Amino acid sequence: MPTFPRTSASVLAATLLLAACGTESAPPGGGNGEAPVQAEELCPTDHSAYGDTPSSEPSLRPSGRASALPLPSAGGTTENGVKITALHSWGPESGCAGVDYSADFELTNQLTEAATYTLTFGFLSASGGAVDRGERTVEAVGPGRTVKGTVTMNETLGNPPAVTGVEVTKVRSVPQAEASSASGTCPKSGVHVYADEGDAAMGLRVVGLHLVNCGTLAYRLDGYPKLELQDEDHKAVDSVRILEGTDRISTGLGGDGSPKALVLEPGEAAVAGLAWRNTTQAGEPVNAPYVRVWARPAAAPVTVVPELDLGTTGRLGVGPWRKDETNRGVDGTSATRP
């Protein structure tokens, strides 16, 4: 599947001096990020311990003392509530196989409500080129709270170019009350709602909206999901026409035809397609990272982050809900009741 294009929210460049060892980490969830957790000997290639997958569990980093090296002036700059505080190199001298890199950061929720954040970091070579990236999801950060975390490179490279800097390339935040989910604890609504990673080819973009009945009662759908597009500041984007059906964007996407009433029994799922083109001609291109989704008129909204790069087309097609016979979650496993 082609890589779905992402639009940077902002770039916070922070070229940092390398330190040899890590320090203890505080929990990345709610709270002020001051209470340390017990450190343990781990190599940063054990990404699950770093919380690189969505988790509210504390991150663990190798024990030891970091070299007290001063950060350049850019390192103390905070944009969008994120500040990089250290960069670490881990190699054979640390008891690790190969060479890997990690970065420490602080995140402050500048919103007025609790939010879940997805942060994307770029690890840079001395020339400023990208060596690799890392992602970190931090859940349920209270308003005004500051938490600390660590992120590692996505890939374990046997002999990567030396990393001398790191930058925050994208910050995405979703109100905790509207956070999407594909699995785990069933929300009060009784359904998981989420967007897949999408597909892109020749300027055509396609993303699936998925709904899984994780409750104990039947869930009824009839028609199209209601959508509200939002920009990077969570302000509504009103300049885009939302079309019923995807056939006016492209044929053969499965999002045309009249909607049919659906009854999803517990464990069953439905899907609705989003389709658009990123053609850019005269005018200002429109980017809408966030989409609020109402599965049905009385449903509570869920916010997904499909990164809509709509160019100057001004159109987004949405297909009707249809039963998803494959009933697969984002991790490829069958959706089941909790």
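**Exercises: His234 and the nonpolar cores**

His234 touches Ser173, Pro175 and Tyr290, leaving aside residues up to four places away in sequence; a contact means heavy atoms within 4.5 Å. The model is predicted: local features need pLDDT of at least 70, side-chain atom pairs count only at pLDDT 80 or more, and totals for chains, interfaces and linings use all residues. Residues are numbered from 1 along each chain as its sequence is written, and side-chain values use heavy atoms, without hydrogens and water.

**Exercise 1.** Place His234 and classify its exposure.

*Solution.*
- Locate it: His234 sits in the loop between β13 (226–230) and β14 (241–244). Strands are DSSP runs of E, at least two residues, numbered from the N terminus.
- Classify it: His234 is partly exposed because its relative accessibility is 22%. Buried is under 20%, exposed over 50%, partly exposed in between (1.4 Å probe, protein chains only).
- Find its polar partner: the side chains of His234 and Gln230 make a polar contact of 3.1 Å. Such a contact pairs N or O atoms within 3.5 Å, and within protein one must be able to donate a hydrogen and the other to accept it; residues adjacent in sequence count only if both atoms are side-chain atoms.

**Exercise 2.** Describe the largest nonpolar core.

*Solution.*
- Define it: a nonpolar core joins buried Ala, Val, Leu, Ile, Met, Phe, Trp, Tyr and Cys residues through side-chain atoms within 4.5 Å.
- Size it: the largest has 30 residues. Leu211, Leu221, Leu229, Leu316 and Trp321 have the most contacts inside it.
- Assign a strand: β16 (residues 269–277) gives the most to this core, four residues.
- Look further: a second, separate core has 22 residues, including Phe121 and Met153.
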